Amino acid sequence: MKRLLPVLWIVGVMGLAALAQSALNDYYQRVLAVIAINIMLAVSLNLTNGFSGDFSLGHAAFMAIGAYTSAILTLPARTKAIVLPDLPPWLGQVELPFLIAILIGCALAGLVAFLVGLPVLRLRGHYLSVATLGLMVIVQVVALNWQPITRGARGISGLPPLTTLLWAYGLMLVTVMVIWRIVHSSLGRAMMAVREDELAAACRGVRVFRTRLFAFVTGALFASAAGALWAHLITAITPSSFSFLLTFNVVAMVVIGGAGSVSGSVIGAVLMTLLPELLRRVETALAIGGQPLYGLSQIVIAVLMLLVMIFRPQGLMGRHELIQVLAGLSGARNKPSSAPAELAGEAQRVA
Amino acid sequence: MPGSLPLLQVRDLSKSFRGVQALQDYRLDLAPGELIGVIGPNGAGKTTLFNLLTGVIPPSHGRILFNGYDITHASPDAICRTGIARTFQNIRLFRRLSVLDNVRIGLQTHHHVRLHQVVLHLPGFTSHERSLEQQAHALLDLLNLAAYADAQADALPYGLQRRLEIAVALATRPRLLLLDEPAAGMNPTEAEELMRLIARLHSELGLTIILIEHNMRVVMGICQRIQVLNYGRLIAEGQPEEIQQDARVLEAYLGVAG
């Protein structure tokens, strides 16, 4: 039964994605694809920010690397000759399938994460956050000024619209399953040990630096894949697409869902994608004197975030997973003896 | 006699913090299977000694040989893997993880699993996880913590947290166990129970143990040999009875020449 569970998930999700792809209109398909991409971003950021305890703000940088790499590698040679005439010839000729382009983007992002991680992961806490923010700025400035490759501020448009729901949900499943399995293994426990107490972890034989670097690089790989999907969904990218605002949104998904919970990140990503979409309609519906209430959705979301942070600072799921909570609910009815330990832990956390 | 080759050999070990001499010219020859106590007034350099032995801080001077290897400048995780485990004076558990996970983290020091096994849930991974779990439960049984396996570590009462820390240290399969004031904050009954536990670990698991402790009943009751530190210097070493009558020791503790 346990061996069958992943298969059921794959069949279920991919079946629904195929159904949605054939039945829904473009708008709904786009919203659903954005949800899948945001889930990938939030779950992968959670590896560092939630599990290994390094609060990274550089996620948009890896996304940009994936987006630009995939854009340049998949654009038809004829188009490239016009929009990117200054590309090196070998890059101008090349026309790769989507999957290969995504994988090359992942490799590049992973390499950058490794090289940047070597110095940056020697830092801790706020220093690390600011340094990863620096990484994001560097990538943005490179994209802005490396004219022959990126077209600078004009960006690259007219990308082939390759991101179907099947692609988006297929890669989302891979992301969630791989990360789920990592965090529920020795590797994930090592990350959590580092998060809880770095010195104690080292004294128990955990290779602290290697563990943090592994989390950082793995997160970057999946962020890059999400970036590629995003580029081929919107079909146009500019350096400003990968700004602090995007990082902020993903961080908010992780924090609201619960740093240290994979299912929390999924929930956070779904909420933070759907809510603005729904509220945007309210903005136009609640027109006062013919003037739509633009900005209302941002205010409502900001207030919701404040409320979550005040009343549930550990995020909606805390560090628990949805299946544990569900199992706990059904288990509590059968054997109430397990409840006190759980409650005691809860009480300490609140205190 | 091959059996008496020292497990741990420390020579001229010194540490100064900005001119303050925390430990000076410390030496020790520890035979396998010994259980020794290190005592001394507060600030005598006892915890500094443990921090040096486990690589938490680098020494200013001196040499540490463990099991024939020079570990003087090794990192804490490497030292752990060579077989030295410790507990901390102010308990350091992975507080928000479960009791079982705490022990599993110690166990996985010597259990390696590869990334592709994890990602693909290959048989290697499944058997790895199963053996980790079995061993973790066995250790918790040994330390009478089995009932708390699923509790969050910081939800345990203080005395049990101390015991859990010993369990996590044991999980790394040490040959040498360093216990830093394990009886601190315990009532006499708990301290008595702990003393029996340490004696059991020593005899049943054949562990070599260095014990830092203020509780004299515990130290005198189970240690075969005692070292006394004062102001970072070794001022006395010997059998418990000798130490109890040593003039320098009495002076260090009471401030008068006895």
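In chain B, strands β4(B) and β5(B) run antiparallel and are joined by two bridges. Those two strands make a hairpin with two residues between them, and N67(B) in the turn has a positive phi of about 60°. Keep in mind that this is a predicted model. Below, we start with the sheet around that hairpin, then look at some odd backbone angles, the domains, the place where the chains touch, and a helix pair in chain A.

**The sheet in chain B**

- The hairpin belongs to an open sheet of four strands, ordered β2-β1-β4-β5 (chain B), with antiparallel pairing.
- As a bit of background, strands of a sheet pair through backbone hydrogen bonds, either parallel or antiparallel.
- At the edges sit β2 (20-30) and β5 (69-70) of chain B, each pairing on one side only.
- Strand β1 (residues 8-17) of chain B runs antiparallel to β2(B), and seven bridges join the two.
- β1(B) also pairs with β4(B), again in the antiparallel sense, over five bridges.
- Want a residue to follow across the sheet? Try Q9(B): it stands opposite D29(B) in β2(B), and its bridge partner in β4(B) is L65(B).
- Over at the hairpin, F66(B) stands opposite Y69(B) in β5(B).
- Helix α1 (residues 46-53) of chain B lies across β1, β2 and β4 (61-66) of chain B, and runs at about 65° to β2(B).

**Positive phi angles in chain B**

- Most residues other than glycine have a negative phi, which makes the next two worth finding in the structure.
- N144(B) is not a glycine, yet has a positive phi of about 55°.
- You'll find N144(B) in the loop between α5 (123-142) and α6 (158-171) of chain B, and it counts as partly exposed because it has 13 C-beta neighbours inside 10 Å.
- E181(B), also a residue other than glycine, has a positive phi near 50°.
- E181(B) is in the loop between β7 (176-180) and α7 (188-204) of chain B, and it is buried, with 20 other C-beta atoms within 10 Å.

**Domains of chain B**

- The domain assignment splits chain B into domain 1 (2-83 + 174-254) and domain 2 (95-158).
- The C-alpha centres of domain 1 and domain 2 of chain B are 29 Å apart.

**Where the chains touch**

- Chain B puts 31 residues in contact with 26 residues of chain A.
- On the chain B side, the elements giving two or more residues are α2 (76-82), α3 (99-107) and α4 (115-120) of chain B.
- That side of chain B has 13 nonpolar, eight polar and ten charged residues.

**Inside chain A**

- Helix α3 (residues 59-74) and helix α6 (residues 98-120) of chain A have axes that come within 8 Å and cross at roughly 145°, and the crossing is right-handed.
- Residues making this contact include F62(A), I65(A) and G66(A) of α3(A), along with F98(A), A101(A) and I102(A) of α6(A).
- By class, the contact of α3(A) with α6(A) has twelve nonpolar, five polar and no charged residues.
- Elsewhere in chain A, N145(A) lies in helix α7 (residues 125-145), and it counts as exposed because it has 11 C-beta neighbours inside 10 Å.
- N145(A) and S243(A) are 98 residues apart along the chain, and their C-alpha atoms are separated by 15 Å.

Conventions: Residues numbered from 1 in each chain as written. Chains lettered and ligands numbered in written order. Predicted model: local features only at pLDDT ≥ 70, side-chain atom pairs only at ≥ 80, totals over all residues. Axes fitted to C-alpha atoms, helices over the stretch in contact; angles between N-to-C directions. Left-handed = near helix turned anticlockwise from the far one by under 90°. Contact = placed C-beta atoms within 7 Å. Nonpolar A, V, L, I, M, F, W, Y, C, P; charged D, E, K, R; others polar. Buried ≥ 20, exposed ≤ 12 C-beta atoms within 10 Å, placed from the backbone. Pairing = 2+ DSSP bridges. Domains from an automatic or database assignment.
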